[in-house]
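Hi everyone, thanks for making time today. Let me put the structure up on the screen, and then I'll walk you through a few places in it.

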Amino acid sequence: MEKMLLVLKNEFRVVVLRKSFFLTLILVPLIGTVIFGIFGSIGGTDPTSAIGRIISSPEEVKPEGLVDQSGLIQSMLEGMEADLIQFPDEAAANQALQAGQIDSYYILPPDFLQSGEITYLRTDFNPLGGMDRSGNLFAVIRHNLLIDDPQLLERVNQPYNLEVTYTSQQPVRDSGSFLSFMVPYIVTMLFYMVILTSASMMLNSITTEKENRVMEVLMTSITPTQMLGGKIIALGLAGLLQTTVWMGYSYLVMMLSRSSVPELATFIITPSLLVWGMVFFLLGYAVYAALMSGVGALVPNLREASQATTIVIIPLVIPLFFINTLAEKPNGIISLVLSLFPLTSPITMMARLSTAIVPWWQLAISVALLAATAFFLIRAVAGMFRAQRLLSGQTFNLKLFFNALRGKA
Amino acid sequence: MSTIQVENIVKAFGSQRAVDGVSFEVNPGEIFGLLGPNGAGKTTTIRILLDIFKADSGRVSILGGAMTEEKKNRIGYLPEERGLYQEIKLEQCLTYLATLKGLSQAEATRRINVYLERFDLAQHRKKKLKELSKGMQQKAQLIVTLVHEPDVLIIDEPFSALDPVNTQMVKDLLLEERGKNRTIVLCTHQMHQVEELCDRIVLINQGKSVLYGGLEEIRRRFAGQDLLLRTPTALPAALPGVASYEHTNGGYHLMLSAGSDPQAVLAGLLSAGITVEQFEIAMPTMDEIFIRVVTGDSSNE
């Protein structure tokens, strides 16, 4: 136990004092802040950041013209006069177009009420964005069609007023808020990154000791189990530190930005989400660290490990393929299955928890399956961590890996 | 009682028998040479001794029984391929490996400071291992082997990458450790170092033990019928009991006739009025013995 503690302390110290670890710890949240600073501010019509203004500068908008030959338009809507200018005939509208006063105009023909046809003339060709201002004309026509029945006009404009009452705790996600909408995507990517990074550190640590030949010296001082135990805990703590710093930083930024960014006011990270985050990180890390340790125990160096790590990582990547489904249907069948299957559950369950209420029994089953998998994998890998295997330098292949996991090699 | 007893150990990797029935004993306070050509099975034998590998059959006893976790702290091991963390500082690396051998942090630091001074590494203590020369790394590895003052030292090629000054320092160090009644197993290809340092040896070839015993006894066994003679007198063309002789630098190399007794030859020389300044049996070097045994040349044995 004492020697395992020594391994743990040394491993943790070496990892967290590494420049690359420190840079990742600092740079990832900084880059995230910059990205959200930019994209969070370019979604609306008024970009709130300088970079957002550069990327998404508002284009110059000229008013549109309207020539009514049908006699329908009795009055223009209040406040819309500057955006939609009425002309007595097409010649006047065309003259204004040539003069640059307007950039397009509509002609309502005499038989508009019967045919519903409108002619639209504009100077530039823009099939994708050219009609996006037709809402003004739509409102003006509707207003004039129902000008004698204000109540009917009111119902046509606003058919009903929906009041939603939630019987359970309100979900975190609010599709009207950009940041809240992004939560499941952020959580999925974050968990993918921290689990993969921490588990990869395990593989890196073991193969480095093999390549440095320290392994042989270590094997005359400690048991393979002491080494495996010390490393798994140390690198798990390093990953936890990374996760805590990133999540803490995100939380702090959000709290500080609430007053200046209204979208953040609706964005809530509940304490229970943080607790589940720790649980699923630790268990997910344990599963993947054990698998990576198994690969590390069998390969002679890091280069030989690429084939096996690709196979090991595939289940971790699966939730990324279904990221839209997880965000849109957090309680759908795919989300449920992926959040119960132990190799995909750490990421999937966190994505679900960040966007919906997950039934407690599903959480319980998920944690139980994940914990059992972690336990059996660590036990299987401990069996692979025999000194002879660590020093033998045998050629690695997947058959050997899976046989060793089953204790048959 | 022997410090190490190895009885008929066998270890195979697949169909290849790396060690095939090797037996030897190492006595307390001696330097024991574990010799053999490349691929003979020396490293596998060492790993079995250290309980890194389990033997397929046979028995190993070290410090009075099977290897235990406690005994690991009483053994110092210098592997042939150096094993140190390249990316961390020298002092940190040494301290970590010393604490894994049961030393407290404070005691490890104190002893490492002494060794760093002795090995001229004190000014490099804050450097990463990868920034040190091969010779410096070799000395650092020796510190890891010695720092916990082990009862048994198992040392594989300790002189590689060392210049003559440091080679002498390591030899003095090994003799000093023997003086403290520590048992040393020395694995090396440098036969002149074996001649200088070892009390007894075992020579392994193709996994089998082919030569075992005291160094002087083995050399005597391979000495044959040759004599070295130093004399200011010119030798006559024929000498009783001598088949032929060669004039060498400062003396003569005499090849005796079959069945001749060296003492009778000496008496004949003296009676012939030849002044004898030096007369000795020509002992073969360990290099010669090594080559003879490994190549299967059994002449003079």
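**Cavities, pockets and salt bridges**

So, let's start on the inside: the count comes to 1 cavity of 30 Å³ or more. Please keep in mind throughout that this is a predicted model. The space in that cavity is about 50 Å³. Who lines it? From chain A there are Val217(A), Thr220(A) and Ser221(A), and from chain B there are Gly76(B), Tyr77(B), Leu97(B), Lys101(B), Val144(B), Thr145(B) and His148(B). Two elements of chain B, β5 (75-78) and α5 (134-146), each give two or more residues to this lining. Sorted by class, the lining of the largest cavity has 4 nonpolar, 5 polar and 1 charged residues.

Now on to an open site, the second largest pocket, with a volume of about 560 Å³. Its lining is made of 19 residues, and those nearest the centre are Val14(A), Arg18(A), Glu87(B), Ile88(B) and Lys128(B). In chain A, α1 (2-16) and α8 (178-211) each supply at least two residues of that lining. For those of you thinking about probes or docking grids, the class breakdown is 4 nonpolar, 7 polar and 8 charged residues.

Let me stay with α8 of chain A for a moment, and turn to charges. In general, side chains of opposite charge can pair when their charged atoms come close. Over all chains, the count here is 26 salt bridges. One of them joins the side chains of Glu209(A) and Lys231(A), at 2.9 Å from N to O. Because Glu209(A) sits in helix α8 and Lys231(A) in helix α10 (residues 224-257), this pair ties together parts of chain A that are 22 residues apart in sequence. Both Glu209(A) and Lys231(A) are buried.

Chain B has a pair with a much longer reach, so to speak: Glu30(B) and Arg200(B) are 170 residues apart, and the pair links distant parts of the chain. Their side chains meet in a salt bridge of 3.0 Å, N to O. Where do the two partners sit? Glu30(B) is in the loop between β2 (16-26) and β3 (31-35), while Arg200(B) is in strand β8 (residues 200-205). Are they buried or exposed? Glu30(B) has a relative accessible area of 7%, so it counts as buried, and Arg200(B), with 15%, is buried too.

Now for a local pair. Glu107(B) forms a salt bridge with Arg110(B), with the closest N and O atoms 2.8 Å apart. Both lie in helix α4 (residues 105-118) of chain B, 3 residues apart, which is about one turn of the helix. As a reminder, an α-helix has 3.6 residues a turn, so residues three or four places apart point the same way. Glu107(B) is partly exposed, with 23% relative accessibility, and Arg110(B) is partly exposed as well, with 47%. Salt bridges that share partners also build one network out of Arg118(B), Glu176(B), Glu177(B), Lys180(B) and Arg182(B).

Let's move to chain A and its surface. Phe22(A), Leu23(A), Ile26(A), Leu27(A), Leu30(A), Ile31(A) and Ile35(A) form a nonpolar patch there, and together they have about 620 Å² of accessible area. Ile35(A), for one, belongs to helix α2 (residues 19-42). With 40% relative accessibility, Ile35(A) counts as partly exposed. For contrast, have a look at helix α15 (residues 345-353) of chain A, which is mostly covered, with 9 of its 9 residues buried. Among them are Ile347(A), Met349(A) and Met350(A), and also Arg352(A).

Last, some backbone angles in chain B. Most residues other than glycine have a negative phi, and most peptide bonds are trans. Which way does Asp51(B) go? Its phi is positive, near 70 degrees. Asp51(B) is in the loop between α1 (42-49) and β4 (57-62) of chain B, and at 27% relative accessibility it is partly exposed. Leu63(B) also has a positive phi, near 55 degrees. Leu63(B) falls in the loop between β4 and α2 (69-72), and its relative accessible area of 18% makes it buried, since the cut-off is under 20%.

To place all that, chain B has 10 helices and 13 strands, and buried residues make up 53% of its 301 residues. Its C-alpha trace spans about 75 × 45 × 35 Å along the principal axes. That's my tour, thanks for listening!

Note on methods. Residues are numbered from 1 along each chain as its sequence is written. Chains are lettered from A and ligands numbered from 1 in the order in which they are written. This is a predicted model: local features need pLDDT of at least 70, side-chain atom pairs count only at pLDDT 80 or more; totals for chains, interfaces and linings use all residues. Side-chain values use heavy atoms; hydrogens and water are left out. On a 1 Å grid over the protein atoms alone, a cavity is a set of points where a 1.4 Å probe fits but cannot get out, and a pocket is an open set with protein on both sides within 12 Å along at least five of seven lines; lining residues have an atom within 4 Å of a point. Grid points are joined across faces, edges and corners, and a volume is the space filled by probe spheres set on the points. Helices (H or I, at least four residues) and strands (E, at least two) are DSSP runs, numbered from the N terminus. Ala, Val, Leu, Ile, Met, Phe, Trp, Tyr, Cys and Pro count as nonpolar, Asp, Glu, Lys and Arg as charged, and the others, Gly among them, as polar. Patches are made of residues with over 30% relative accessible area and no salt bridge: like charges are joined within 9 Å, nonpolar side chains (Val, Leu, Ile, Met, Phe, Trp, Tyr) within 5 Å. Accessible areas come from the Shrake-Rupley method with a 1.4 Å probe; for residues, only the protein chains shown count as cover. A salt bridge is a side-chain nitrogen of Lys or Arg within 4 Å of a carboxyl oxygen of Asp or Glu. Buried means under 20% relative accessible area, exposed over 50%, partly exposed in between (1.4 Å probe, protein chains only).
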